[in-house]
Amino acid sequence: MFFGEFKHNIDAKERLSIPAKMRNQCGDSVYVMKGNDGCLAVYTQVGFDEYYAEILALSRKKRIVPISVW
C-alpha cells in the first residue's frame, strides 16, 4: 500500500488519474478501494494479497457482518 496524500481529479468519463510518482511503482495493475476513512486506498497485487489474508485471518466474531433488523 502507498502512504501519502495526493489531490486528484475525476475526468468526464469518471476515470481517476494516478500520479506518476505512484504509477511507476504500481506494476501492471492496482486495486483501488474505498478506505475506512472515506479516502481511496490503492494496493498493488502483493499489497492487496496481504490485506486480504489479514481479513481472512480475523475470527468470525471480529468480522463485520451485515445484520437484518426486523
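At 47% relative accessibility, Leu40 counts as partly exposed, where buried means under 20% relative accessible area, exposed over 50% and partly exposed in between (1.4 Å probe, protein chains only). Leu40 lies in strand S2 (residues 40-43); strands (E, at least two residues) and helices (H or I, at least four) are DSSP runs numbered from the N terminus. The model is predicted: local features need pLDDT of at least 70, side-chain atom pairs count only at pLDDT 80 or more, and totals for chains, interfaces and linings use all residues. Residues are numbered from 1 along each chain as its sequence is written, and side-chain values use heavy atoms, with hydrogens and water left out.

With residues up to four places away in sequence not counted, Leu40 touches His8, Leu16, Val32, Met33 and Gly35; contact means heavy atoms within 4.5 Å. Leu40 also contributes to a nonpolar surface patch of about 330 Å², together with Ile10, Leu16 and Val32. Patches are made of residues with over 30% relative accessible area and no salt bridge, like charges being joined within 9 Å and nonpolar side chains (Val, Leu, Ile, Met, Phe, Trp, Tyr) within 5 Å. Accessible areas come from the Shrake-Rupley method with a 1.4 Å probe, and for residues only the protein chains shown count as cover. Leu16, a member of this patch, is located in the segment before H1 and is partly exposed, with a relative accessible area of 33%.

The chain contains two helices and two strands, which follow the pattern α-β-β-α when read along the sequence. Of its 70 residues, 16% count as buried. The exposed area of the chain is about 6,700 Å², of which carbon and sulfur atoms supply 55%. Among contacts in the chain with a separation of 6 or more, 16% are accounted for by residues 24 or more positions apart.

The pLDDT, which is the predictor's confidence in each residue on a scale from 0 to 100, averages 76 over the chain, and 74% of the residues score at least 70. Among the elements of the chain, the lowest mean pLDDT belongs to H1 (78) and the highest to H2 (87). Where pLDDT is low, the predicted coordinates should not be read in detail.

Five aromatic pairs are present in the structure. The ring centres of Tyr31 and Phe48 are 4.1 Å apart and the planes are at 10 degrees, so this pair is stacked. Rings of Phe, Tyr and Trp (its six-membered ring) pair if their centres lie within 6.5 Å; planes under 30 degrees apart count as stacked, over 60 as edge-to-face and the rest as tilted. The pair of Tyr31 and Phe48 links distant parts of the chain, with Tyr31 in strand S1 (residues 31-34) and Phe48 in helix H2 (residues 45-57), 17 residues apart. Tyr31 counts as partly exposed at 30% relative accessibility, whereas Phe48 counts as buried at 15%. Phe48 also forms a stacked pair with Tyr52, at 6.1 Å centre to centre and with 15 degrees between the planes. Phe48 and Tyr52 are separated by about one helical turn, because they are four residues apart in helix H2. At 44% relative accessibility, Tyr52 is partly exposed. Ring pairs link Tyr31, Tyr43, Phe48, Tyr51 and Tyr52 into a cluster.

One salt bridge is found in the structure, a salt bridge being a side-chain nitrogen of Lys or Arg within 4 Å of a carboxyl oxygen of Asp or Glu. The side chains of Asp11 and Arg15 form this salt bridge, with an N to O distance of 2.7 Å. Asp11 counts as partly exposed at 32% relative accessibility, and Arg15 counts as partly exposed at 48%. Arg15 is located in the segment before H1 and, leaving aside its neighbours within four places in sequence, is in contact with Asn9 and Ile10.

Glu14 is likewise found in the segment before helix H1 (20-26). The phi of Glu14 is near 60 degrees, a positive value in a residue other than glycine. Most residues other than glycine have a negative phi. At 68% relative accessibility, Glu14 counts as exposed.
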